[in-house]
Amino acid sequence: MTEPSKVIHIRNVGHEISENDLLQLFQPFGVITKLVMLRAKNQALLQMQDISSAVSALQYYENVQPSIRGRNVYVQFSSHQELTTMDQNQGRGDEPNRILLVTIHHMLYPITVDVLHQVFSPHGFVEKIVTFQKSAGFQALIQYQLRQSAVIARSTLQGRNIYDGCCQLDIQFSNLDDLQVNYNNDRSRDFTNPGLPTEQKGRSSQPGYGDAGSMYAVQSSGARAVGFSQMANAAAIAAAFGGGLPPGITGTNDRCTVLVSNLNPDRIDEDKLFNLFSIYGNIVRIKLLRNKPDHALVQMGDGFQAELAVHFLKGAMLFEKRLEVNFSKHPNITQGPDTHEYLNSNLNRFNRNAAKNYRYCCSPTKMIHLSTLPQDITEEEIVSLLEEHGTIVNSKVFEMNGKKQALVQFETEEQATEALVCKHASSLSGSIIRISFSQLQNI
């Protein structure tokens, strides 16, 4: 067995798994000082501040299978005792070269030669760019005049997003010596030879590298159909959900108001509905229908958030009733004496860290996550606060980034949902606690 080390070796790290996903997996155990993604090998190296933190993490994950976005990852001590800046290059097994191979993940906007030139040219003279579509996704080869320019560009841009929340750059050194460019157009360019033709219509620009033409048609029409603000939202959500959207989410809905029916009128109120629906987006206002006491209207911040709420809450159990959640025929709720306003509420979750909050969107689970807790909170106090809502199977208080948090597992999803709608945003020893569903299977 490898001797304990503060460096943890992680395997089966798919392209959909981000650095943040791995950080979240290990932050409960201590301070993380370095993280190196070995994309070419589907692996990563993560360094904790001390060996005891790494030992705690691996002991915990001996009993609990770590899983990210449905994919099991496997962890062990690394043979490295310390990570150096050279480890990333060694891990990839690629020698510095003036040609970079760039893969773009979470690609929501079309990426052209001009966009790539704008991103890479500040680091040195770019001679040639070729783009193509491969099984790994959209890729580009970028040839600098000098090898040192490519080295600087890679170290500066690796893992960065071209647009906010999407189009993430994954950069390796290519093993090619020189790029052959036949045409100057949106998909390929030789900046040293501006006289090249733009190509005959219908022909692939670079048969040797692949063709991205058909994908551009799809991306461009999508961008026009959806509109910019919707696309920006889609970017944050797609980044959160690993480059796509959850099954059943189109990302094109523009209806902001949701009709909720089959509520328990004796136990529901506007604030409880706010606590549940605010997991999926910001809430503008809520109205309980007086002539139909088991119905309510909830106006979300935008159509995307409304679609998430409908998708994840349809059929959820709350107060012994199975909720019906559908889009309303009303585009918005008219403000009046019987509406509750939440537009300016500081309890809306999506004003900050939108992509992070989208990542936590899921159907109700048996496990809830509590944060912004008092620093001296005990597990007994947490259990005492929540046990009226159902049978607590397990609970754990831990510290992340110096702040107390907790996980509580109930016997059923309905009990966890009730605890969330009743206790989110309540006060505990002077702290306003925040509750979300957790996608962890067990503690």
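This short talk covers the aromatic rings and the cysteines of the structure shown above. Please note at the outset that the model is a predicted one.

I begin with the aromatic residues. The structure contains seven aromatic pairs. One of them joins Tyr-60 and Tyr-61: the ring centres are 5.1 Å apart and the planes meet at 75°, so this pair is edge-to-face. Both partners can be placed with respect to the surface. Tyr-60 has a relative accessible area of 18% and is buried, and Tyr-61, at 12%, also counts as buried.

Another pair is made by Phe-350 and Tyr-358, with 4.9 Å from centre to centre and 55° between the planes, which makes it tilted. Phe-350 is buried at a relative accessible area of 6%, and Tyr-358 is buried at 1%.

Let me return to Tyr-60. Together with Phe-26, Phe-29 and Tyr-61, Tyr-60 belongs to a cluster linked by ring pairs. Which residue lies over the face of Tyr-60? That residue is Lys-396, at 4.4 Å from the ring centre.

I turn now to the cysteines. How many disulfides does the count give? The count is zero. Cys-361, for instance, takes part in no disulfide, and the nearest cysteine sulfur, which belongs to Cys-362, is 7.7 Å away. Why is there no bond from Cys-362 to Cys-361? A disulfide requires sulfur atoms within 2.5 Å, and the sulfur of Cys-362 lies 7.7 Å from that of Cys-361, its closest cysteine sulfur, so the two are too far apart for a bond. As for their surroundings, Cys-361 counts as buried at 3% relative accessibility, and Cys-362 is buried with a relative accessible area of 7%.

Note on methods. Residues are numbered from 1 along each chain as its sequence is written. This is a predicted model: local features need pLDDT of at least 70, side-chain atom pairs count only at pLDDT 80 or more; totals for chains, interfaces and linings use all residues. Side-chain values use heavy atoms; hydrogens and water are left out. Rings of Phe, Tyr and Trp (its six-membered ring) pair if their centres lie within 6.5 Å; planes under 30 degrees apart count as stacked, over 60 as edge-to-face and the rest as tilted. Buried means under 20% relative accessible area, exposed over 50%, partly exposed in between (1.4 Å probe, protein chains only). A charge sits over a ring if NZ of Lys or CZ of Arg is within 6 Å of the ring centre and within 35 degrees of the ring normal.
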